[in-house]
Amino acid sequence: MSKPPKKVTTVRCACGSVEVEARGEPIMTTACYCDDCQEGARRIEALPDARPVLSPDGGTEYVLYRKDRVRCEKGAELLRPHKLQEKSVSHRVVATCCNTAMFLGFDRGPHWVSVYRARLQQPAPPVEARVQTKFKSASVTLPTDVPSYPSYPLGFMLKLVGAQVAMWLGR
């Protein structure tokens with residue numbers, strides 16, 4: 001049996017009524033520019049008193065954690081999923097107390113949770129890559145501080161597979 005991860009990261013809504021804990025190291029930190037992330041961010045930002053979700057360049061910054069290492073510790077009854085389409089398997093979870101975007105989850109399938117980077121209470125890890133940049137606005141010039149990819153790069157996919165294998169092995 002493996003030891004539980006020591007690192008605990010707190011994810012908190014703007015008013016502090018909802019707290020989620022992420023245990024262990026993140027899988028990766030990314031900025032996504034896909035149409036769904038842009039539309040989801042716009043819809044959340046349109047809610048009353050909502051906090052910004054999109055970065056100035058149109059990306060949505062996420063810290064990806066294994067699903068088995070993320071849990072709500074306070075205010076679970078205030079969390080509500082927002083779907084772009086009724087049949088979509090993904091949903092953006094918002095704290096209804098202050099309309100703060102908390103994380104992107106999935107009804108089935110993926111083994112990770114994408115936490116909105118701005119919600120981390122500890123210093124957030126830096127963005128490691130920009131993905132799905134083929135969907136960014138043509139007027140946006142991305143900085144060159146980290147790699148940018150028009151889709152999902154092999155390294156990104158390998159990190160996700162590695163996290164899933166570690167889950168299966170109980171590590």
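These exercises work through salt bridges and one surface patch in a predicted model.

**Exercise 1. Find the partner of R117 and state which parts of the chain the pair links.**

Step 1. Look for the acidic partner. R117 forms a salt bridge with E61. Their closest N and O atoms are 2.7 Å apart.

Step 2. Check the cut-off. A salt bridge requires a side-chain nitrogen of Lys or Arg within 4 Å of a carboxyl oxygen of Asp or Glu.

Step 3. Place both residues. R117 sits in the loop between strand 9 (112-116) and strand 10 (129-131). E61 belongs to strand 4 (residues 60-66). The two are 56 residues apart, and the pair links distant parts of the chain.

Step 4. Classify the exposure. Partly exposed covers the range between under 20% (buried) and over 50% (exposed). R117 has a relative accessible area of 21%, so R117 is partly exposed. E61, at 26%, also counts as partly exposed.

**Exercise 2. Describe the salt bridge between K83 and D107 and locate its two ends.**

Step 1. Take the distance. The side chains of K83 and D107 meet at 2.3 Å, N to O.

Step 2. Locate the ends. K83 is in the loop between strand 6 (79-82) and strand 7 (90-95). D107 is in the loop between strand 8 (100-106) and strand 9. The pair therefore ties together parts that are 24 residues apart in sequence.

Step 3. Assign exposure. K83 is partly exposed, with a relative accessible area of 31%. D107 is partly exposed at 44%.

Step 4. Turn to a network. E39, R42 and R43 are joined into one network by salt bridges that share partners.

**Exercise 3. Characterise the pair E73 and R71, then give the number of salt bridges in the structure.**

Step 1. Identify the contact. E73 forms a salt bridge with R71, with the closest N and O atoms 2.3 Å apart.

Step 2. Classify both residues. E73 has 40% relative accessibility and counts as partly exposed. R71, at 45%, counts as partly exposed.

Step 3. Give the total. The structure holds twelve salt bridges.

**Exercise 4. Which residues form a nonpolar patch on the surface, and where does V161 lie?**

Step 1. List the members. The patch consists of V161, V165, W168 and L169. Together they have about 430 Å² of accessible area.

Step 2. Place V161. This residue is in helix 2 (residues 154-168).

Step 3. Test V161 against the patch cut-off. Patch residues need over 30% relative accessible area. V161 has 48% and is partly exposed.

Note on methods
Residues numbered from 1 in each chain as written. Predicted model: local features only at pLDDT ≥ 70, side-chain atom pairs only at ≥ 80, totals over all residues. Heavy atoms only, no water. Patch = residues over 30% accessible without salt bridge, like charges linked within 9 Å, V, L, I, M, F, W, Y side chains within 5 Å. Areas by Shrake-Rupley, 256 points an atom, 1.4 Å probe, with all protein chains shown as cover. Helix = DSSP H or I, 4+ residues; strand = E, 2+ residues; numbered from the N terminus. Buried < 20%, exposed > 50% of the residue type's maximum accessible area, 1.4 Å probe, protein only.
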